[in-house]
Amino acid sequence: PQVVSARANAWAAAAGVRAARTQYLPSLSVQVGWSGSARESGSERYVIEQAKGQLASQKASCELLNNISAGLTKPLPGTPADCSPYEWTAEKERAVLASNNVFPFNYTAQPMYAQVTLSLPLFSGFSRERELESARVAEQDAQEQVRAQELALRTGVQAGVAAVETARRSVELEAKNRELASEQLAMERERYRVGASSFLQLQEAETIKARADRDYLAALYGYHEAMAALEATVGSPLR
């Protein structure tokens, strides 16, 4: 896992170097926009009163112009004018309310616009150089960490293999010692049976056999322990 983590850090550091180098390249940005607007009053009464006021003002202007023209010796052209179109009616009220109902679909579209921007990085106060150099140093450090972790793993594997081999030889040696102790115990029992050996000699042979069994089990445990440590270092089962 440590080697994998170090390699991932090295890959990220290399990506940082590539990203730092892109600061020397020109950048192109494109913006496209389209918009619209809609204004709608929330009070129908306000809209109606405003429309009535406008018509009343237009009607008053029309009647005033007719009165002025009637007092002249020569009437003004187009007078007297018809002021009836400025009368407020139910039809005009419906038209005013309909024209106010514009949100959200009856909006006024604005012209579409597009903008293209090209940036040339000519001078940045040596900030790009510092960032690129920092990224390169980080990449070199990450690569050194990878080599250090790989060396540590290789050393650990070699040491683990040596420990397993030593433990295996110990098991073979203790197995032979246990076999010899078993043969010696069998001979002492036969000698004791025929009266050629004493009880103390038989007891000593049994002690040697028990010690040989204990040493063999300890060597076997050490072998399995060394193998488990090697598997942990490698990261996969070996048996």
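# Exercises on a predicted model

Pro-237 is exposed, with a relative accessible area of 70%; exposed stands for over 50% relative accessible area, buried for under 20%, and partly exposed for the range in between (1.4 Å probe, protein chains only). Accessible areas come from the Shrake-Rupley method with a 1.4 Å probe, and for residues only the protein chains shown count as cover. The model is a predicted one, in which local features need pLDDT of at least 70 and side-chain atom pairs count only at pLDDT 80 or more, while totals for chains, interfaces and linings use all residues. Residues are numbered from 1 along each chain as its sequence is written, and side-chain values use heavy atoms, with hydrogens and water left out.

## Exercise 1. The overall fold

Task: State the number of helices and strands in the protein, and the order in which they run.

Solution. Step 1: the assignment rests on DSSP runs numbered from the N terminus (helices are H or I, at least four residues; strands are E, at least two). Step 2: the count comes to five helices and four strands. Step 3: read from the N terminus, the order is α-β-β-α-α-β-β-α-α. Step 4: of the 239 residues in the protein, 19% are buried.

## Exercise 2. Helix α2 and a nonpolar patch

Task: Compare the span of helix α2 with its expected span, then locate its buried residues and Leu-65.

Solution. Step 1: the expected span of a helix is 1.5 Å times one less than its number of residues. Step 2: α2 (residues 44–70) has 27 residues and reaches 39 Å from its first C-alpha to its last, close to the expected 39 Å. Step 3: the buried residues in α2 are Val-47, Ile-48, Ala-51, Leu-55, Cys-62, Asn-66 and Ser-69. Step 4: Leu-65 also lies in α2, but at 39% relative accessibility Leu-65 counts as partly exposed. Step 5: together with Leu-64, Ile-68, Leu-72 and Leu-76, Leu-65 makes a nonpolar surface patch of about 410 Å². Patches are made of residues with over 30% relative accessible area and no salt bridge, where like charges are joined within 9 Å and nonpolar side chains (Val, Leu, Ile, Met, Phe, Trp, Tyr) within 5 Å.

## Exercise 3. Salt bridges in helix α4

Task: Find how many salt bridges the whole structure holds, and explain why Arg-147 and Glu-144 are separated by about one helical turn.

Solution. Step 1: a salt bridge is a side-chain nitrogen of Lys or Arg within 4 Å of a carboxyl oxygen of Asp or Glu. Step 2: a search of the whole structure finds seven salt bridges. Step 3: one of them joins Arg-147 to Glu-144, with the closest N and O atoms 2.4 Å apart. Step 4: Arg-147 and Glu-144 are separated by about one helical turn because they are three residues apart in helix α4 (residues 127–194). An α-helix has 3.6 residues a turn, so residues three or four places apart point the same way. Step 5: Arg-147 is partly exposed at 44%, and Glu-144 is partly exposed at 45%.

Task: Apply the same reading to Glu-172 with Arg-168, and to Arg-193 with Glu-190.

Solution. Step 1: Glu-172 and Arg-168 form a salt bridge whose closest N and O atoms are 2.4 Å apart. Step 2: Glu-172 and Arg-168 are four residues apart in α4, about one helical turn. Step 3: Glu-172 is partly exposed at 41%, and Arg-168 is partly exposed at 32%. Step 4: Arg-193 and Glu-190 form a salt bridge, again with closest N and O atoms 2.4 Å apart. Step 5: both lie in α4, three residues apart, about one turn of the helix. Step 6: Arg-193 is exposed at 61%, whereas Glu-190 is partly exposed at 41%. Step 7: salt bridges that share partners join Glu-165, Arg-168, Arg-169 and Glu-172 into one network.

## Exercise 4. Helix α5 and the segment after it

Task: Describe the span of α5, the setting of Tyr-216 and Ala-226, and the residues that follow the helix.

Solution. Step 1: α5 has 36 residues and reaches 53 Å from its first C-alpha to its last, close to the expected 52 Å. Step 2: its buried residues include Tyr-216, Ala-226 and Met-227. Step 3: Arg-178 lies over the face of Tyr-216, at 4.0 Å from the ring centre; a charge sits over a ring if NZ of Lys or CZ of Arg is within 6 Å of the ring centre and within 35 degrees of the ring normal. Step 4: Ala-226 has a relative accessible area of 14%, and its C-alpha is 7.2 Å from that of Ala-167, 59 residues away along the chain. Step 5: just after α5, Gly-235 takes a positive phi of about 90°. Step 6: Pro-237 is in the segment after α5 (199–234); Pro-237 and Met-227 are 10 residues apart in sequence and 9.3 Å apart in space, C-alpha to C-alpha.
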